[in-house]
Structures are given as structure tokens and as C-alpha cells.
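Me: I have a protein to look at for class and don't know where to start. Can we go through it together?

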Amino acid sequence: MSTTQRQMMMESSLALGRLELTPSSGAVGVSLTPRLSAGHPVKEKSGQRSPGPQGQAHLNGCVPLSHQVAGHKYGVDTVGILQHPDGTVLKQLQPPPRGPREMQFYSMVYAEDCCDPCLLELQSHLPKYYGTWSSPDSPNDLYLKLEDVTRRFVKPCIMDVKLGQRSYDPFASQEKREQQIRKYPLMEEIGFLVLGMRVYKMCSDTFDTYDQHYGRGLLKDSIRDGLAKFFHNGVSLRKDAVSASIRRVQRILRWFESQQQLAFYASSLLFVYEGLPSSSSSSPLSSLLSTPSMSPIAGHTATLSSAGHSDQGGEGDARPEGARQEEEVAEFNNNNIQAPWDYSLETIYTNHRKGGHQHCAKGFLGNSGDGDGTETKASLDSAPCEEDNSVWKRTEGAGGDTEVEVRMIDFAHVFPSECHDRGYSYGLRHLLMVLEQILCDTA
């Protein structure tokens, strides 16, 4: 982050506490996704992405996002996620300071004059950002406009994984900290939590959907098998999707090891792969020996959206459709790329900072080296991202990525920092280790 950018941040408005956002009214006539019982998937028919008649439009033709697996859901929570008629995703801005902080993060990373190599590289791991959007009928309800990466998939399998050793930021109240720890006491040791997933089953042509209770029920001895369910289509394990996921997570880990200016808390990775296997990966043998060669879409496609500056290009008819979308996006984006307020990360960080709190305090990150950690934690804390290690080396040279996307999402708790984000990096290393075990155990 350049000195000029930091200076601009410090000069941003301090009126955060005066910001009021009108909560959106509940969606009328919208069927809500039923709550799931722990450990048991809900069956969802293929071709009907969500149960109930959700074709009814809301807010200028927008409808609740039908294939959402985690997070705030429209009509259930105060804020939620919508699908715009142009194919983009609308994430409703959360109440301050979380919503403005996430909006400022996207605006900073995707600023037209951004020349910071670190942020430019980060774009390839994020959803592509189209600015803010609001309905003429509800101008006070702001949404972040993002590209839906699942749009190009025929049978999208989706998983949301929260990363890091803490699911609360350094400024959370004691009550909030205790609440988050109670939700998943193993977060510090495991480093990640499965928040939800949607898996296509070939034989029944249905999707199995798992919620956050399933993820919280995964312990140290069951996390590998629990995660492997996401890659199993009912017939065989999709080894090609596992390998491609490893490669993509590796790239994100390399970025984290190279940067010392941002710290991420309660942020997630969204995994998406094509549930309908290609001919070259349909048999267990072929998926083990090779990964289908696919040209990358848009250079950077993402979770709830895609990232990077290249134009989107997919397979077959998807390419001209993506090109048209780029041209039409400004038409639907009535707020364009300009945020109505400038609540910078630096300003928010300064306003919330308390005496003695340091972002990279080793005690907070759980990497103090005082001997109370396990051997596994110590090795994961210090291990570099070495591509020539075990399965990582084999997957790196396996050819083009299969139909898989792994993108970082949820940035309501991102803060400036002056050190490596050890908590997030720890989670990435452990996640890679588990994915590697899944691949090795089935080889």
C-alpha cells in the first residue's frame, strides 16, 4: 500500500458512527430454504436449484440467490444475497462498521488507479467487483455488485470454508469472542471451518446440501472424511477436482506469504467445481492419471463473483454471453463504481483501535511459540509453501485446471497490518494438508 493511499485513507470521513442503513424488508412470497439437521444432507432436485417457487421477482427483477450454501440469506436474515437479472450477484451491505468496511476493501483493491502489485495480484483471488447497486424503489438499501462465478457451471458443486484460527477480529467484545469460540472450539487448532456445501450426485441427479451444523460437527479425526464428501459424486471421488483445488489454494497461500499489509478475520474461501464430469474425468482411472485441459475463464473468475481485469471467456456459448454482460453491467449498476461514502480501512481501524492492541500480536494469533501449541500447529505455522512437496508437486504439473474455482470472499473484518497474517496462512496450510491426504488415500 503506497504512502499516498495511506494518506488518503487517513483523510477519509470520520462519520462512520452517523451512518444509518435502512434494513430491507423481508421478501414477500419467497419460499425460504428449510433449515437442515446436523450431519444429514437435504436432497435438492437437479435443475431446481432451490426448493419452492422462487421465480417470483423482487426488487427490479432480482430474486434470492438460490444456490447459496452459507452466510446471510435473503428473507431469513436482516440482510442477504440476491441474483440480478444480468447474472451478477448482489450482496446487501451489512450494518456499520462491517458493511462500509467491506465496501471500502473492494473499492481499494479495484480502484482504477491502483498500482500496488500486492493488491493487483490479490484481484485474481477475489470476486470481480462492479461497484454498488440500489433499487430505485429502495435507494437506501445498498448492495455490493459481484459476478456470480457459478453461472458457467451446469451442475455447480459449492462449498464455503471459513479460514483462520480466529473467527472474530481483534476489536470484538469479550462476549462476541466467547460466542464464536463456543460455536467451534477447534477453530484455533484446525484453522478452518466448513460453513456449508452443495454436492451433485450423479445417479439420482440431485444435490446433497449440508449446512453449518455439519461443519461444526467435524472433529480432528473426521475432518478429512467430512471434507472428502464435497468431492464425491455418489459414484467416485472427483480426484481431478481435488487436484485443481489444491493448486488454487496453493496460489492463495503464496500471496499470503508475500504480503504484510492486510489481516483477514472471519473471511472464507468459496470452492466451485463442475459436478457433471467431462468425458476425460468420468472414469476413476482417467481422473487419477490426468486432469482435463481447460482454458481459464476470464483469467480470474470467483466465488460469489470473479476477479481480475481480463474479459470473461468460457466454453462454447458462454464467451459471447460474458462479453455482453461486461457491456451491460454499467446499465444496471446505477451507483457505478463510486462509493457514496469513503470509510477507509485505515480510518475504521483507527476509530476502533484501543490502547495496547496490535494486529500482529503473537498472543492473539496463537503463534507465540510459548510451547503450548501442538507439534502439528508448530509445523504448520513455520512451513513455507513449497510446491515441490509430495502431492503438491504432482498436482502442479498435472496440466490445465479442471472446472474448478477457489476464491476469497467475505471481507467485513479486514484490517491494515504490518506483518504476515499467520492465522489465515495456518488455516490454508492445514486445509492443503487435508486435501493432500484425501488425494493420497484414494490413489
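What follows is a chat about this structure, taken topic by topic.

Me: Before anything else, what kind of model is this?
Reply: This is a predicted model.

Me: OK. How many disulfides does the structure hold?
Reply: Zero.

Me: Why is there no bond between Cys-114 and Cys-115?
Reply: The closest cysteine sulfur to that of Cys-114 is the one in Cys-115, and at 6.4 Å it is too far for a bond. A disulfide needs the two sulfur atoms within 2.5 Å.

Me: Is Cys-114 buried or exposed?
Reply: Cys-114 counts as buried, because its relative accessibility is 10%.

Me: And Cys-203, buried or exposed?
Reply: Exposed, with a relative accessible area of 70% for Cys-203.

Me: Let's do the inside. Which residues have the most contacts in the largest nonpolar core?
Reply: Phe-105, Phe-264, Leu-269 and Met-408. That core has 68 residues.

Me: Where does the largest share of this core come from?
Reply: From helix 8, residues 239-258, which supplies nine residues.

Me: Why would nonpolar residues gather like that?
Reply: In soluble globular proteins, nonpolar side chains tend to be buried together.

Me: You listed Met-408. Which way does Met-408 point from strand 12?
Reply: Met-408 points one way together with Val-404 and Val-406, while Glu-405, Arg-407 and Ile-409 point the other way. All of these are buried. Strand 12 covers residues 404-409, and six of its six residues are buried.

Me: What does strand 12 pair with?
Reply: With strand 11, residues 267-274, in the antiparallel sense and over six bridges. Opposite Ile-409 of strand 12 stands Ser-268.

Me: What comes just before strand 11?
Reply: A loop between strand 10 (262-264) and strand 11, and Ala-266 lies in this loop. Ala-266 has a positive phi of about 55°, although it is not a glycine. Ala-266 is also buried, with a relative accessible area of 16%.

Me: Where else is phi positive in a residue other than glycine?
Reply: One such residue is Asp-205, with phi near 55°. Asp-205 sits in the loop between strand 8 (192-201) and strand 9 (206-210). With a relative accessible area of 32%, Asp-205 is partly exposed.

Me: New topic, the sheet with five strands. What is the strand order?
Reply: The order is 2-3-4-6-5, in an open sheet with antiparallel pairing.

Me: Which strands stand at the edges?
Reply: Strand 2 (63-64) and strand 5 (129-135). Each has a single partner strand, so one side of each is left without a neighbour in the sheet.

Me: How many bridges join strand 2 to strand 3?
Reply: Two, and these strands run antiparallel. Within this pairing, Pro-64 has Leu-82 in strand 3 as its bridge partner.

Me: What about the loop after strand 3?
Reply: The loop between strand 3 (81-83) and strand 4 (88-92) contains Asp-86. Asp-86 counts as buried, because its relative accessibility is 6%. The side chains of Asp-86 and Lys-145 are joined by a polar contact of 2.8 Å.

Me: And past strand 4?
Reply: Pro-97 lies in the loop between strand 4 and helix 2 (98-109). The peptide bond from Pro-96 to Pro-97 is cis, with omega near 5°.

Me: Now the rings. How many aromatic pairs are there?
Reply: The count is 20 aromatic pairs. One of them is Trp-133 with Tyr-143, an edge-to-face pair at 5.6 Å centre to centre and 65° between the planes. Trp-133 is in strand 5 and Tyr-143 in strand 6 (residues 138-147), 10 residues apart. Both Trp-133 and Tyr-143 are buried.

Me: Why does the pair of Phe-171 and Phe-415 count as edge-to-face?
Reply: The planes of Phe-171 and Phe-415 stand at 65°, so the pair is edge-to-face, with the ring centres 5.1 Å apart. An angle over 60 degrees is what edge-to-face requires. Phe-171 and Phe-415 are 244 residues apart in the chain. Phe-171 is buried at a relative accessible area of 14%, and Phe-415 is buried at 1%.

Me: Last one. What lies over the face of Phe-207?
Reply: Arg-198, at 3.6 Å from the ring centre of Phe-207.

Terms used. Residues are numbered from 1 along each chain as its sequence is written. This is a predicted model: local features need pLDDT of at least 70, side-chain atom pairs count only at pLDDT 80 or more; totals for chains, interfaces and linings use all residues. Side-chain values use heavy atoms; hydrogens and water are left out. Helices (H or I, at least four residues) and strands (E, at least two) are DSSP runs, numbered from the N terminus. Buried means under 20% relative accessible area, exposed over 50%, partly exposed in between (1.4 Å probe, protein chains only). A polar contact is a pair of N or O atoms within 3.5 Å; within protein, one must be able to donate a hydrogen and the other to accept it, and residues adjacent in sequence count only if both atoms are side-chain atoms. A nonpolar core is a set of buried Ala, Val, Leu, Ile, Met, Phe, Trp, Tyr and Cys residues joined through side-chain atoms within 4.5 Å. Two strands pair if DSSP finds at least two bridges between them. Rings of Phe, Tyr and Trp (its six-membered ring) pair if their centres lie within 6.5 Å; planes under 30 degrees apart count as stacked, over 60 as edge-to-face and the rest as tilted. A charge sits over a ring if NZ of Lys or CZ of Arg is within 6 Å of the ring centre and within 35 degrees of the ring normal.
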